[in-house]
Structures are given as C-alpha cells and as structure tokens.
Amino acid sequence: MKQALMEIKPFMVQAPAIHLIVQSPFPVSNHRKSRNCRFKITAKTHFHQDNDHHHPYFQSAVTRASFRFQESLRSEPLFVDPYAGCFAPPDLELDENWNQKLHHYCVGTRFIDDQLLSATKGVDGAKQVVLFTDGMDTRAYRLKWPSSTVIFDVSPQAVFNTASQKLQGFNGSRPSIWVFQGFPITNLAAFKEILFMVSSLAMKGCLFLGELPMWLTETQVGVKSSVEKWMYEIFMSYGFRVRMIGYDEVAKNLGQKHAVGDSDYVLFVAEHLRFSDYEMEIWRREFQRVEEEGDEDGFEEL
C-alpha cells in the first residue's frame with residue numbers, strides 16, 4: 001500500500017471520562033492564559049514550529065479552532081469545545097452577532113460528532129476511530145468515548161516535510177469509523193490516496209464521513225446534481241456508496257435555523273462495500289486450507 005505524506009499517531013481511550021489538556025501553538029508570551037485556557041491539556045498541534053505559523057494550513061486550522069471557540073460561547077451551542085480557546089489566536093476578536101449565526105463548519109462538526117458517538121456505542125459499536133484532521137482537532141479529548149476505543153489521529157506534520165507512517169496497530173478485521181474534516185489536501189490525487197488507504201484497511205460496512213472542499217469536486221459550484229454525480233463516481237471507484245448531507249437538513253434536525261450563506265464544503269457519509277485487505281487475506285487462507293484438505297481426503301480414498 002502506498003504511503004501518504006502524513007503523521008499517524010494512535011492512542012487508546014481507557015475510560016469514558018478523560019482529563020486532558022492543550023498546549024498552545026503560539027508563543028507563551030503572547031498567549032492569554034487566564035481568559036482562554038481553563039484546562040491543562042496534553043493535546044498538542046503538530047504545527048509547533050515558529051516558521052509554520054504563517055503557513056496557510058496552520059492559519060486554516062487556527063480559523064477552525066476559532067469557530068469552535070466562538071460556538072462554545074453561544075447561549076445554546078451545537079457543541080462545547082473546552083480546548084478550542086487554547087488554539088485560538090490571542091488577539092481574536094469575538095463576533096458580537098455570532099449568537100444569532102450558525103456557521104456551516106459548526107453544523108458539520110456537530111453532525112460528525114453525533115455520527116461518531118452513534119457508531120461507537122454499544123458492544124457491537126466500532127472500537128477503532130480514524131480522524132483525518134488539521135492537527136488541532138480536539139474530538140479525541142472532548143467527546144465521551146466508550147471504554148477501550150482506539151483512536152488514530154492522522155494529521156499533517158511539519159506541513160508534509162516528513163514521510164508518513166502506516167496505521168500501526170490498526171486491525172482490518174474489526175469495525176471502524178473514519179472521519180475527514182480539516183485535513184489539508186492540495187489536489188484530487190491526494191484525496192484518492194486517502195480513499196485508497198481507507199478502502200484497503202476498512203472492513204466491509206464501515207463508514208467514512210466528513211467534509212470535502214467544494215473546489216475538489218471540479219464541478220459547477222451550486223449545482224447539486226453535478227456534485228452528486230462526481231462524488232458517486234469517485235467514491236464508488238474505491239468501493240464506497242456515498243450520499244451528500246445538506247447542512248440545512250442537519251440544522252433543521254437539531255432544531256436550529258439554517259446555516260448562514262453558502263458553504264465551501266460538501267458534507268458526506270459513505271459506506272464501504274468491499275472487504276478490507278485483511279479480510280481478503282483471511283478468506284484466501286481459508287479457501288486454500290479447504291482446498292488442501294480436499295486434496296488430502298481425495299488421496300486417501302484412492
């Protein structure tokens with residue numbers, strides 16, 4: 001399997017309640033500790049070098065963290081991210097009208113949160129979670145995961161300056177759920193590599209969901225039918241049956257008003273229809289064993 005340019009860091013959640021905390025990606029001297037940081041956090045962005053602070057990937061991650069921070073301050077927030085303030089810039093100006101707004105990113109984040117918690121609950125729930133993130137995602141720390149959930153954080157390291165690792169410890173014979181939100185990609189080929197990776201590792205029936213940038217679809221913006229056709233063809237070529245989810249649909253189901261403005265992203269949920277490489281290997285070995293036993297029985301009869 002090809003290796004993608006990313007760092008993959010697995011860790012295990014041993015209990016539903018986790019006391020973890022964040023180190024700010026900004027210099028300590030410029031960070032407002034008392035106002036934004038109320039927790040001690042061990043989560044740390046991979047964008048930790050000073051010369052990375054002006055990189056577009058870093059700035060995009062900070063922007064998303066700022067959205068989560070402001071959403072957490074609403075009177076009726078879609079979710080509460082107690083760590084986002086530690087990633088927000090120290091000079092962040094809060095939007096006074098944010099309480100009346102509903103940002104697409106926050107709607108998508110709540111939708112993905114709900115899907116993750118639903119897919120992992122119960123004895124038959126997925127116990128492996130793979131998060132393709134921007135390096136500042138806090139789901140591993142802020143969601144109440146079932147005990148013994150194994151989470152793989154796949155995020156950029158030094159803006160792709162380091163070669164990637166494979167998903168160490170991932171079990172292709174156990175249910176899993178995969179999330180794509182915020183992970184920086186530069187072209188369609190990069191996303192196809194991720195689809196190839198997920199298709200190779202995920203069991204049949206596993207879910208892959210998240211947000212795709214609209215520019216990636218290479219279709220006319222705002223034309224839903226053309227986007228749906230593009231997504232169907234791309235995902236199906238890697239064994240996924242995909243459907244688009246409307247942000248307004250999610251907002252309505254949450255009892256909220258529609259999201260403000262047009263989104264630059266497409267919210268999706270895809271079901272894997274193929275067997276993982278590991279499942280195929282098990283099937284091949286079993287088939288070979290049955291054949292060999294059949295040959296032995298036939299020889300004895302002669």
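**Helix H3, the cores and a cavity**

User: Happy to look at this with you! How far apart are the end C-alpha atoms of helix H3, and what span should its 17 residues give?

Analyst: Gladly, and please keep in mind that this is a predicted model. Helix H3 covers residues 104-120, and at 1.5 Å a residue its 17 residues should span 24 Å. The expected span agrees with the model, because the end C-alpha atoms of H3 are 24 Å apart.

User: Nice. Which residue just after H3 takes a positive phi, and of about how many degrees?

Analyst: Within H3, the buried residues include His-104, Tyr-105, Phe-111, Leu-116 and Thr-120. Just after the helix comes the residue you ask about, with a positive phi of about 85 degrees: Gly-122.

User: Turning to the cores, which element gives the most to the largest nonpolar core?

Analyst: That core has 36 residues, and Phe-132, Trp-178, Phe-180, Phe-208 and Phe-235 have the most contacts inside it. Elements that each supply at least two of its residues include strand E4 (128-132), strand E6 (176-180), helix H5 (188-201) and helix H6 (224-236). With seven residues, the one giving the most is H5.

User: How many residues are in the other core, which lies apart from it?

Analyst: Leu-116, buried in H3, is among the members of this other core. Ala-126, Ala-140 and Ile-245 are also among them, and the core's size is 30 residues.

User: And how many charged residues line the second largest cavity?

Analyst: The whole structure has two cavities of 30 Å³ or more, and the second largest holds about 30 Å³ of space. Its lining is Arg-64, Arg-68, Tyr-105, Asp-134, Asp-137, Arg-139 and Gln-181. By class, that makes one nonpolar, one polar and, to answer you, five charged residues.

Key
Residues numbered from 1 in each chain as written. Predicted model: local features only at pLDDT ≥ 70, side-chain atom pairs only at ≥ 80, totals over all residues. Heavy atoms only, no water. Core = buried A, V, L, I, M, F, W, Y, C linked by side-chain atoms within 4.5 Å. Buried < 20%, exposed > 50% of the residue type's maximum accessible area, 1.4 Å probe, protein only. Helix = DSSP H or I, 4+ residues; strand = E, 2+ residues; numbered from the N terminus. Expected span 1.5 Å × (residues − 1). 1 Å grid on protein atoms, 1.4 Å probe; cavity = no way out; pocket = protein on both sides within 12 Å on 5 of 7 lines; lining within 4 Å. Points joined across faces, edges and corners; volume = space filled by probe spheres on them. Nonpolar A, V, L, I, M, F, W, Y, C, P; charged D, E, K, R; others polar.
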